[in-house]
Amino acid sequence: MMTESRYALLVVDSAMALYRTDFSGRGELSARQMHLARFLRMLLRLADEFGVAVVITNQVVAQVDGASAMFNADPKKPVGGNIMAHASTTRLYLRKGRGENRICKIYDSPCLPESEAVFSIGNDGIGDSKD
């Protein structure tokens with residue numbers, strides 16, 4: 001399919017959702033992470049071979065180990081562990097702000113500094129933040 005037409009973007013929505021249902025419990029954690037690593041390597045090869053950008057959305061879970069929740073205003077961490085983190089070049093964290101506002105934080109990037117951008121989503125699409 002990719003050789004017949006020109007694509008510029010490949011979006012994988014909620015990449016960990018199926019892994020969390022198909023592989024349950026710590027007993028299957030190793031198999032899940034190995035399968036995930038193969039999947040992410042395949043996406044990287046597609047990006048390199050066909051010059052497409054790959055965007056992966058992911059889930060977050062509450063971090064309940066006590067100590068980090070006390071010092072962290074937003075005690076959530078991405079699902080997928082180090083495999084997902086190391087396979088990603090730039091990681092963004094999206095969260096809801098006040099009203100229609102949303103906040104996009106550059107969480108980890110080799111070429112961009114950590115920063116945030118506030119925007120809004122309305123009937124006419126994505127726009128500047130609403131005060």
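Helices and strands here are DSSP runs, numbered from the N terminus, and a strand is a run of E at least two residues long. With that in hand, we can place a residue such as R95, which is found in strand β5. Please keep in mind as we go that this is a predicted model.

Let's begin with the overall layout. The chain has 4 helices and 8 strands, and from the N terminus on its elements follow the order β-α-α-β-β-α-β-α-β-β-β-β. Along the principal axes, the C-alpha atoms fill a box of roughly 45 × 45 × 30 Å. Of the 131 residues in the chain, 19% count as buried. If you take contacts between residues at least 6 apart in sequence, 34% of them join residues at least 24 apart.

Now to the interior. The largest nonpolar core has 9 residues, namely V12, A15, M16, Y19, L36, L40, L43, V79 and M84. Helix α2, covering residues 29-50, gives the most to this core, with 3 residues. V12 is a good place to pause: leaving aside its neighbours within four places in sequence, V12 is in contact with F39, L43, V55, I56 and T57.

One of those partners, V55, has its place in strand β2. Seen from its own side, and not counting residues up to four places away in sequence, V55 touches L9, L10, V11 and V12. V55 is partly exposed, because its relative accessible area is 37%, and that value falls between the 20% limit for buried and the 50% limit for exposed. V55 and I103 are 48 residues apart in sequence, with 18 Å between their C-alpha atoms.

A little further along from V12 you will meet S14, in the loop between β1 (9-12) and α1 (17-22). Most residues other than glycine have a negative phi. S14, however, has a phi near 55°, a positive value in a residue other than glycine. Its relative accessible area of 24% makes S14 partly exposed.

Next, the open space. The largest pocket holds about 1,600 Å³. Of the 45 residues that line this pocket, N58, P78, V79, M84 and R91 are the closest to its centre. Two of these names, V79 and M84, also appear in the list for the largest nonpolar core. Helix α2 supplies the largest share of the pocket lining, 7 residues. Elements that each supply at least two lining residues include β2 (53-56), β3 (60-62), β4 (76-78), α4 (81-87), β5 (91-96) and β6 (101-108). By class, the lining has 21 nonpolar, 13 polar and 11 charged residues.

Back in strand β5, where R95 is found, a relative accessible area of 27% makes R95 partly exposed. R95 and V118 are 23 residues apart in sequence and 9.8 Å apart in space, C-alpha to C-alpha.

What about the cysteines? A search of the whole structure finds 0 disulfides. Why does C104 form no such bond? Its closest cysteine sulfur, in C111, is 14 Å away, too far for a bond, because a disulfide needs the two sulfur atoms within 2.5 Å. For C111, the closest cysteine sulfur is likewise the one in C104, at 14 Å. Are these two cysteines buried or exposed? C104 is buried, with a relative accessible area of 16%, whereas C111 is exposed, at 62%.

Methods: Residues are numbered from 1 along each chain as its sequence is written. This is a predicted model: local features need pLDDT of at least 70, side-chain atom pairs count only at pLDDT 80 or more; totals for chains, interfaces and linings use all residues. Side-chain values use heavy atoms; hydrogens and water are left out. Buried means under 20% relative accessible area, exposed over 50%, partly exposed in between (1.4 Å probe, protein chains only). A nonpolar core is a set of buried Ala, Val, Leu, Ile, Met, Phe, Trp, Tyr and Cys residues joined through side-chain atoms within 4.5 Å. Contact means heavy atoms within 4.5 Å. On a 1 Å grid over the protein atoms alone, a cavity is a set of points where a 1.4 Å probe fits but cannot get out, and a pocket is an open set with protein on both sides within 12 Å along at least five of seven lines; lining residues have an atom within 4 Å of a point. Grid points are joined across faces, edges and corners, and a volume is the space filled by probe spheres set on the points. Ala, Val, Leu, Ile, Met, Phe, Trp, Tyr, Cys and Pro count as nonpolar, Asp, Glu, Lys and Arg as charged, and the others, Gly among them, as polar.
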